[in-house]
There are 2 protein chains.
Amino acid sequence: MRAEIISIGTELLLGETVDTNSNYLAGQLPLLGIDLYWISQVGDNQLRLVEVLKRAWQRSELLLTTGGLGPTEDDLTRESIAEMFGEDMSVSLVLKQEIEEFFSQRGLEMPLSNLKQATLIPSASAIHNIRGTAPGWWVEKDSHILIAMPGPPREMQHMWELEVQPKLRQRFAGTVILSRTVKTFGLTEAAVDEMVTPLLSGTNPTLAIYAKADGIYLRLTTKAQSQIDAEETLARGEASVRSILGEYIWGTDHDTLEGVVGQLLVEKGLSLAVVESCTGGLLAATITDVPGSSIYFKGGIVAYSNEAKVACGVAPGLIANCGAISLEVARAMAQAARAYLKADIGVSTTGVAGPNGVENKAAGMLYIAVDDGHTSRVIQGNYPGNRPQIKRRATTAALFELKKLLTAVNDNRKT
Amino acid sequence: MRAEIISIGTELLLGETVDTNSNYLAGQLPLLGIDLYWISQVGDNQLRLVEVLKRAWQRSELLLTTGGLGPTEDDLTRESIAEMFGEDMSVSLVLKQEIEEFFSQRGLEMPLSNLKQATLIPSASAIHNIRGTAPGWWVEKDSHILIAMPGPPREMQHMWELEVQPKLRQRFAGTVILSRTVKTFGLTEAAVDEMVTPLLSGTNPTLAIYAKADGIYLRLTTKAQSQIDAEETLARGEASVRSILGEYIWGTDHDTLEGVVGQLLVEKGLSLAVVESCTGGLLAATITDVPGSSIYFKGGIVAYSNEAKVACGVAPGLIANCGAISLEVARAMAQAARAYLKADIGVSTTGVAGPNGVENKAAGMLYIAVDDGHTSRVIQGNYPGNRPQIKRRATTAALFELKKLLTAVNDNRKT
């Protein structure tokens, strides 16, 4: 089963949009044991689009396209597929009704231009799109499959997960390629590489290391005849990695640090509040990305000015004496977070988000404090990068400190 | 001059790496008046790589490749180019010496594997790489040009800027392709499409519409003999778009909504504070993404619990009577933002981030309030999507309301 991905849209050729769709799909295919040999991007031009589709149809058994299913004149994917197969497009009344309903639920009338999204060719069946007005097309012919999906990532990914992937999985049960990602924080890529050197030469599972915004990831991959074999191999590999990197590991696979922290807070029945300066709201925003976080997250203060720090309970004298970016103020902010919102645990950040220095401190210099009323811990960080990267990195570091504190609470109770 | 980009590396086909190189180069070519028709990604496989190169050589006059120039066995770009042209590779003593120097400057000996990076074919000249050990290849034959650059973005971009782009600019001085993006919020893609229908049939500039997380974008593109001609055509096109969509437009090109709002706050000398609930800190985090935002942003409260809403000044009775997700509480929160941090303008959000409903209100239902002491405005929104999307959309809507308020302040002063 050779697969090919075609991403459609002139914005990709003008450098305006990074093609994350092909990256997403490329990461999905190994899980189905499907090999991917080709990816290409093509503009909204029917001549070239048909040419790319024809070549793909010749050399690959599975074609996945994204984009060009919108309602406007430059959306030409449907027209191009119809041309390639020499079939006529006609309006499906069922699809028309669905699109009309999509609009009427939002109190709108369907614009006439959306009618073309209700079209099909005889070889195509529609793929349901609950997040937008563009149904996908599923075409099967001569033992080849073409699947056309919309371009907006949130529509495409939802369609893939709910409609396309389950159908393909049923069809192509056989070899299983499985991988597991182990996520760490607090070490450089080179340090991780050195620590796991003995594992890197292994072939089953293979091990790859890569740097992400929230730490260094290690990916174990195995290919096996059955799901059970694959899972056993991965479990063995993961145990080896854990024996080396234990304390730096915060999660696996789809875990997020904010999700892991949220889970620990729920388990311990503890509540959380934050007072953040240099992260400017990103710490609270990340914590509240977790559904149900309102159970444990009382709220936060973005104390961007000194007035705001004082308003929530930091002593003005402390800021005057030690500076707003200091170990002492970080600790006082974490304590203020607990007191102001009556939370069990307070977390704070204060530092320089950049690009310019503040109080003679360079961009990226910051303090993070965690406080649960028994333990108060402050770390100093010094992170490279631009402003959003420093904010992101500081947020990750704060969540990692919080995770360590929560794990310790766990251990204390056990003993 | 038709160009084609080929990104080389199996990691691209496994979904491990997003191909940002092609995006970067795609954005560069219009500035040279070069049309890009094709982008493709191919793995480290000589058979398929040669096939892709041959097709590109047939249909395009300029081929840009990135990747596959490393020292390891699976780096096959040089070998594949040599095979395509039927030429032999041999070691260049000059290149060998440069690579040896690269290592010796770092106190290292050149590993033997790096020797292959010193090879050339007769048709190729080397392109200097000051950031790494892989020189590029510049091949000219039969009025076609092939330029092979390394894969690491920092090496590739440096090589492009210092070596490749100036040479190409000299060669292809002449046509200029320029584009301008006009950014709107508050309308659906189909609605924008309908409103600008008369402009869509224009060929100079051409107009394309696409949906982004922060609204609907319109891209005007023109091709001209000179920079001045191109800019005049774009200015004319932009004026037409503005005459139709005026009030929905918040910026152009590289503008961000938070940047536009920040600029307006600085110009008016006004300060800002926020009290946010459903956006959970994302509104403050987005505002503070702007360098220098500490000048006008006093801070914010993430009033995720009712206690936090009360703590910053919302009357408990109001929450009890109207519900935390109500027009009245949104307005009180915006007023509390102003009062609590002594800011000129307060902005608030309250609503349901999802995935589950709250207070009998569905996910995506929310209120946004802006208040400057004279004007208090509350809008109700109803946004589809998952939790991060709803937060992002609500943040954009809040910034757009703030932008409208700030523009009105402007207009009032003028009159």
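This is a short tutorial dialogue on reading the predicted model shown above.

Me: Let's start with chain A on its own. How many helices and strands are there in chain A?

Reply: Chain A has 15 helices and 17 strands. Its C-alpha trace spans about 80 × 55 × 40 Å along the principal axes.

Me: What share of the residues in chain A is buried?

Reply: Of the 415 residues in chain A, 48% are buried. You can also look at sequence separation: among contacts in chain A between residues at least 6 apart in sequence, 66% join residues at least 24 apart.

Me: Now the two chains together. How many residues of chain B are in contact with chain A?

Reply: On the chain B side there are 64 residues, and they are in contact with 64 residues of chain A. Which element gives the most to that side of chain B? Strand β2 (residues 35-42) of chain B does, with 7 residues. By class, the side of chain B that touches chain A has 35 nonpolar, 17 polar and 12 charged residues.

Me: In what sense do β2 of chain A and β2(B) pair?

Reply: Strand β2 (residues 35-42) of chain A pairs with β2(B) in the antiparallel sense, over 5 bridges. To find this pairing on screen, pick A:Trp38, which stands opposite B:Val42 in β2(B).

Me: What is the order of the strands in the sheet that holds β2(A) and β2(B)?

Reply: Read across the open sheet of 12 strands and you get β6(A)-β7(A)-β8(A)-β3(A)-β1(A)-β2(A)-β2(B)-β1(B)-β3(B)-β8(B)-β7(B)-β6(B), with mixed pairing. The edges are β6 (124-127) of chain A and β6 (124-127) of chain B; each has a single partner strand, so one side of each lacks a neighbour in the sheet. On average, neighbouring strands here are turned by 15 degrees against each other, direction ignored.

Me: How many bridges join the edge strand β6(A) to β7 of chain A?

Reply: There are 4 bridges between β6(A) and strand β7 (residues 136-141) of chain A, and the two run antiparallel. For a specific pair, take A:Ser125, whose bridge partner in β7(A) is A:Trp138. A helix packs on this sheet as well: α4(A) touches β1 (2-8), β3 (62-66), β7 and β8 (144-149) of chain A. The direction of α4(A) makes about 10 degrees with that of β7(A).

Me: And how should I describe two helices that pack together?

Reply: Two packed helices are described by the angle between their axes and the distance between the axes. Try helix α3 (residues 46-59) and helix α4 (residues 77-85) of chain A, which pack at an angle of about 55 degrees with their axes 9 Å apart. That angle makes α3(A) oblique to α4(A). Their crossing is right-handed.

Me: Which residues of α3(A) and α4(A) meet?

Reply: From α3(A) come A:Gln46, A:Leu49, A:Val50, A:Leu53, A:Lys54 and A:Trp57, which meet A:Glu79, A:Ser80, A:Ile81, A:Glu83 and A:Met84 in α4(A). That contact has 6 nonpolar, 2 polar and 3 charged residues.

Me: Let me try chain B. At what angle do α2(B) and α6 of chain B pack?

Reply: The angle between α2(B) and helix α6 (residues 153-171) of chain B is about 25 degrees, with the axes 10 Å apart. The two helices are therefore roughly parallel to each other. As for handedness, α2(B) passes α6(B) in a right-handed crossing. Here B:Thr20, B:Asn21, B:Tyr24 and B:Gln28 in α2(B) meet B:Pro153, B:Met156, B:Gln157, B:Trp160 and B:Gln165 in α6(B). By class, the contact has 4 nonpolar, 5 polar and no charged residues.

Me: What does helix α2 of chain B lie across?

Reply: Helix α2 (residues 20-28) of chain B lies across β1 (2-8), β2 and β3 (62-66) of chain B, and runs at about 160 degrees to β1(B).

Me: One last sheet, please. In which order do the 4 strands of the open sheet in chain B come?

Reply: The order is β10-β11-β9-β12 (chain B), with antiparallel pairing. At the edges are β10 (206-212) and β12 (249-252) of chain B, each pairing on one side only. Neighbouring strands in this sheet are turned by 25 degrees against each other on average, direction ignored. Within it, strand β9 (residues 176-184) of chain B pairs with β12(B) over 3 bridges in the antiparallel sense, and B:Thr184 stands opposite B:Ile249 in β12(B).

Note on methods. Residues are numbered from 1 along each chain as its sequence is written. Chains are lettered from A and ligands numbered from 1 in the order in which they are written. This is a predicted model: local features need pLDDT of at least 70, side-chain atom pairs count only at pLDDT 80 or more; totals for chains, interfaces and linings use all residues. Two residues are in contact if their C-beta atoms, placed from the backbone, lie within 7 Å. Ala, Val, Leu, Ile, Met, Phe, Trp, Tyr, Cys and Pro count as nonpolar, Asp, Glu, Lys and Arg as charged, and the others, Gly among them, as polar. Two strands pair if DSSP finds at least two bridges between them. A residue is buried if 20 or more other C-beta atoms lie within 10 Å of its own, exposed if 12 or fewer, and partly exposed in between; C-beta atoms are placed from the backbone. Axes are lines fitted to C-alpha atoms, for helices over the stretch in contact, and angles run from 0 to 180 degrees between N-to-C directions. Angles under 35 degrees count as roughly parallel, over 145 as roughly antiparallel, 65 to 115 as roughly perpendicular and the rest as oblique. A crossing is left-handed if the near helix is turned anticlockwise from the far one by less than a right angle, and right-handed if clockwise.
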